[in-house]
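The following exchange asks on what grounds certain descriptive terms are applied to a protein model. Each reply sets a computed value against its criterion.

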Amino acid sequence: MRSEAAPQPGGLERFVSAGKGRGLRARRRYAVGELLFSCPAYTAVLTVGERGSHCDGCFARKEGLSKCGRCKQAFYCNVECQKEDWPMHKLECSAMCAFGQNWNPSETVRLTARILAKQRTHPERTQSEKLLAVKEFESHLDKLDNEKRELIQNDIAALHHFYSKHLEYPDNAALVVLFAQVNCNGFTIEDEELSHLGSAIFPDVALMNHSCCPNVIVTYKGTLAEVRAVKEIEPGEEVFTSYIDLLYPTEDRNDRLRDSYFFNCDCRECITKEKDKEKLEIRKLSDPPSAETVRDMIKYARNVIEEFRRAKHYKYILCLTLTLPACELLEICELSLDKMGAVFEDSNVYMLHMMYQAMGVCLYVQDWEGALRYGQKIIGPYSKHYPSYSLNVASMWLKLGRLYMALENRTAGVKALKR
């Protein structure tokens with residue numbers, strides 16, 4: 001899928017960024033909203049949960065998709081999409097037939113298998129690697145702790161278990177490097193509501209360094225990434241994106257950056273910490289909570305968030321929704337909200353996190369009124385904590401608009417969708 005202009009990165013250059021290694025720099029001025037460049041995926045995999053509603057090739061959402069005639073588990077818009085995806089889908093097709101319901105490699109394993117196949121069939125530089133080649137990706141191998149190394153070995157074992165017919169494997173050391181590279185440089189493709197659609201490799205996009213006050217955002221049209229300015233960018237200025245969710249306070253953001261990307265951020269936002277106080281707003285009580293009580297509640301909130309994050313990463317949420325009644329999942333969210341609400345204001349980012357999880361459960365069980373109640377509480381603080389260009393705010397307005405429409409409140413629905 002092509003963008004309207006599909007500009008090439010001619011107005012940009014790769015350079016050595018002081019203290020950050022490789023980076024991307026503007027050679028000309030870019031206006032707010034301007035498309036800097038677009039990058040087709042080097043390779044991508046659709047998440048299993050979206051099969052049947054999205055094309056496995058281009059990720060388009062359509063009714064009446066056609067099944068792969070062999071495995072019956074991959075779906076396509078048309079013959080063209082199927083033919084284009086076949087060099088990658090054939091890695092999985094016969095294995096899916098052989099393993100049946102026991103075929104369950106992670107997205108990271110699936111993506112890595114496709115990289116190995118692509119490197120064999122396309123040894124030359126691709127359209128996705130104008131500025132940075134996949135083989136140049138940073139692995140941070142020397143920074144991996146034993147737990148991360150063990151997880152990589154588990155992924156390597158799964159790769160050997162589920163893929164054999166169409167893959168030639170390098171040695172174990174090379175696979176460790178490749179998985180480490182994928183972990184640091186892979187992207188999550190999301191739809192307009194920021195729901196997970198799949199995983200992909202966008203080499204030129206991966207060249208950009210991180211800032212908690214970025215000047216571009218990355219959005220997706222199918223398997224095409226678009227990089228667009230959210231601030232004016234002057235010639236010679238470095239182009240920064242954000243690797244993480246910007247909702248959280250400075251310490252949380254840097255914990256996440258250290259864990260996933262092995263660095264601390266030194267942007268203005270992280271140095272000044274000017275937004276942390278309102279992001280961690282404490283309830284105004286006649287008997288204010290002690291500093292120790294606040295610290296304990298923040299620790300509790302971070303632990304809860306990490307549990308949800310790990311659950312999402314390892315797909316336990318799906319398992320839970322199959323084994324636990326949804327009302328129990330919602331109860332877990334509500335109990336956490338009650339406990340944190342004794343100390344935190346509703347606008348506190350940890351409260352917002354749990355409200356968002358609760359809203360997700362309500363949407364899952366099609367409790368539109370429950371989802372709307374949570375969404376109405378979320379949107380105001382989101383608009384305050386996130387930058388004005390944030391996709392998270394736009395996505396929440398979209399969700400609210402659709403919920404109002406579903407509940408036959410057209411006036412409120414149209415207003416929300418316009419926002």
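Q: What makes β4, α1 and α2 contributors to the lining of the second largest pocket?
A: In this predicted model, β4 (43–46), α1 (79–99) and α2 (107–121) each supply at least two residues of that lining. A residue counts as lining if it has an atom within 4 Å of a pocket point. The most is given by α1, with six residues.

Q: How much space lies in the second largest pocket, and which residues are closest to its centre?
A: The space amounts to about 670 Å³. Of the 26 lining residues, Ala41, Gly57, Glu84, Lys118 and Thr223 are the closest to the centre.

Q: What classes of residue make up the lining of the second largest pocket?
A: The lining has 11 nonpolar, eight polar and seven charged residues. Gly counts as polar in this scheme.

Q: Why is strand β8 called largely enclosed by the rest of the structure?
A: A residue is buried when its relative accessible area is under 20%. Five of the six residues of β8 (residues 196–201) are buried, and the strand is therefore largely enclosed.

Q: How do you know that β8 pairs with β4 and with β7?
A: Pairing requires at least two bridges between two strands. β4 and β8 have four bridges, in the antiparallel sense, and Ala44 stands opposite Ala200 in β8. β7 (residues 186–190) and β8 have five bridges, also antiparallel, so both pairs satisfy the criterion. Glu190 has His196 in β8 as its bridge partner.

Q: Which residue takes a positive phi in the hairpin of β7 and β8?
A: Leu194 does, with a phi near 60°; the hairpin has five residues between the strands.

Key. Residues are numbered from 1 along each chain as its sequence is written. This is a predicted model: local features need pLDDT of at least 70, side-chain atom pairs count only at pLDDT 80 or more; totals for chains, interfaces and linings use all residues. Side-chain values use heavy atoms; hydrogens and water are left out. On a 1 Å grid over the protein atoms alone, a cavity is a set of points where a 1.4 Å probe fits but cannot get out, and a pocket is an open set with protein on both sides within 12 Å along at least five of seven lines; lining residues have an atom within 4 Å of a point. Grid points are joined across faces, edges and corners, and a volume is the space filled by probe spheres set on the points. Buried means under 20% relative accessible area, exposed over 50%, partly exposed in between (1.4 Å probe, protein chains only).
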